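Here is a quick tour of some charged pairs and a greasy bit of surface. Have a look at the model first, then read on.

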Amino acid sequence: NDIIIEPLLQQKIETFEQLAKGSKFQLSTDLTEITSSLMLGYCIILEENQSFVYMASVPKSQGRSIEEPMNEKTTKGSHEGFVESLHTNIHLIRKRIISPLLKVKYFKVGNISNTKIAIIYIDQLVNRTIAEEIEKRISTIKIDLLVSSGSLEELIEDTSFSPFPQILNTERPDRVVSYLNEGKITVLVDGDPRVLILPITFFAFYQSSDDYTSRWWIGSTLRFIRFFSFIIAISFPAIYIAIVSFHSEVLPIGVLYTVRVGLEYVPFPPFLEALVMQIILELLKEASIRLPSPVAQTIGIVGGLVIGTAVVESNLISNTMIVVIGFTAIASFVIPVEEMGTSVRLLGFPMMVAAALFGFFGIVMMFMLLFIHLSKLESFGSPYFSPLSPLKIKELKDSFIRFPIWMLNNRPTDSKPNFIQQQWYSRVWKKK
């Protein structure tokens with residue numbers, strides 16, 4: 001209205017080129033290009049007796065302000081997060097990597113939606129074979145509507161039936177930049193603040209930005225606790241079931257007496273106890289997510305205190321089971337990536353079935369199957385369980401724990417970067 005319509009109505013212009021005040025202005029004779037430009041927010045101006053049209057870019061959309069992601073809060077470091085605008089997200093990456101080596105490639109997916117997708121990588125580092133494979137998978141997608149990065153993830157991942165995510169989602173620009181420096185590839189979808197990072201390994205889902213903004217021994221301790229939480233979240237209820245049902249002799253006599261007294265008046269077997277409490281935990285989690293924040297806090301209090309106390313006093317669930325499920329829930333929430341935490345909690349169900357049938361032997365067999373699956377799994381041709389399978393001892397410096405930053409001279413080899421070494425001797429002052 002301000003740049004095009006009013007000047008035309010008031011006849012304050014001499015040529016159509018004067019309409020392009022501060023906007024992208026071009027001529028075109030291609031009907032396909034004109035149609036696409038119209039859908040992108042261009043104003044199309046047709047003049048009588050002319051074989052071309054004027055196209056002025058005058059889009060305006062109200063976007064969300066840049067703020068810290070709700071699911072990836074940190075105590076130190078940047079508090080910026082991606083938004084729904086593709087151009088804004090690319091800018092957040094470019095301002096952190098001021099280099100002509102940063103490459104951006106655009107694709108359109110969806111016959112109806114025409115969703116814009118951007119692939120970003122550092123040209124000097126990225127493995128061309130992996131980059132070409134990702135570009136091929138995206139460019140060959142045939143679908144009518146693509147609205148989110150989650151849909152794109154399902155369309156391009158290697159093994160859709162695996163319980164483990166093979167592509168990392170993040171809303172933090174600083175995390176994206178760190179992975180770009182390792183030779184990985186970033187995929188952005190217009191309209192979605194979540195950015196895909198690939199290829200990725202299992203250990204990346206247990207790493208947080210705080211690991212690198214804190215001192216190395218603090219970051220290492222926190223990371224080790226997260227990996228320990230993986231064992232608790234996936235096996236703690238199963239271990240309880242196995243002990244109560246088959247292996248009571250492993251407990252000290254005092255602890256065993258307390259557990260047996262708690263189970264004396266409970267009419268259900270331990271497996272059914274654990275199954276019901278895990279389902280209730282998932283119900284409470286879903287309810288707290290869907291409801292407004294003040295109501296969600298009330299639901300948490302009601303679920304944790306009122307319902308928990310009621311089921312114990314009515315002898316439907318034992319006190320010990322409440323403690324076990326509580327520890328399990330806390331351990332799963334420690335994982336920095338919510339998708340991996342949910343996968344770990346769901347894997348606890350088959351683990352409980354194995355414990356109820358075979359005791360400790362069933363738990364050991366489930367862990368064997370789990371690690372065999374992790375060892376065989378790949379993310380775009382890269383080993384998912386690296387650096388443990390295949391074993392790369394030098395890369396263990398940044399897996400379970402984190403060594404000092406000046407000792408991490410080499411990039412991880414899981415993404416097969418062109419240059420492994422990233423710094424010769426970072427502490428030059430020490431050498432002198």
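Let's start with the nonpolar patch. Helix 14 provides its largest share, six residues. Keep in mind that this is a predicted model. The patch covers about 880 Å² and is built from Val-353, Leu-357, Phe-358, Phe-361, Val-364, Met-365, Met-368, Leu-369 and Ile-372. Two helices, helix 13 (338–358) and helix 14 (360–376), put in at least two residues each. If you want one residue to click on, try Met-365, which sits in helix 14. Met-365 has a relative accessible area of 34%, so it counts as partly exposed.

Now for the charges. The salt-bridge count comes to 18. Three of the pairs are set out here, with the N to O distance for each.

| Acidic residue | Basic residue | Closest N to O |
|---|---|---|
| Glu-68 | Arg-172 | 4.0 Å |
| Glu-80 | Lys-95 | 3.0 Å |
| Asp-414 | Lys-184 | 3.1 Å |

Take the Glu-68 and Arg-172 salt bridge. Glu-68 is in the loop between strand 3 (53–57) and helix 3 (86–94), while Arg-172 is in the loop between strand 6 (168–170) and helix 6 (173–180), so the bridge ties together parts 104 residues apart in sequence. Glu-68 is buried at 18% relative accessible area, and Arg-172 is buried too, at 1%.

Next come Glu-80 and Lys-95, which meet through their side chains in a salt bridge. Glu-80 belongs to the loop between strand 3 and helix 3, and Lys-95 to the loop between helix 3 and strand 4 (102–109), so this pair links parts that are 15 residues apart in sequence. Glu-80 is partly exposed, with 22% relative accessibility. Lys-95 is also partly exposed, with 40%.

How far apart in sequence are the parts that Asp-414 and Lys-184 tie together? Their salt bridge has its closest N and O atoms 3.1 Å apart. Asp-414 lies in the loop between strand 10 and helix 15 and Lys-184 in the loop between helix 6 and strand 7 (185–189), so the parts they join are 230 residues apart in sequence. Lys-184 is buried, at 3% relative accessibility, and Asp-414 is buried as well, with a relative accessible area of 5%.

Asp-414 has other neighbours besides. Leaving out residues up to four places away in sequence, Asp-414 touches Lys-184, Pro-199, Thr-201, Ser-382, Pro-383, Ser-386 and Lys-392.

One last stop: Glu-133, Lys-136, Arg-137 and Asp-158 are joined in a salt-bridge network.

Key
Residues numbered from 1 in each chain as written. Predicted model: local features only at pLDDT ≥ 70, side-chain atom pairs only at ≥ 80, totals over all residues. Heavy atoms only, no water. Contact = heavy atoms within 4.5 Å. Patch = residues over 30% accessible without salt bridge, like charges linked within 9 Å, V, L, I, M, F, W, Y side chains within 5 Å. Areas by Shrake-Rupley, 256 points an atom, 1.4 Å probe, with all protein chains shown as cover. Helix = DSSP H or I, 4+ residues; strand = E, 2+ residues; numbered from the N terminus. Buried < 20%, exposed > 50% of the residue type's maximum accessible area, 1.4 Å probe, protein only.
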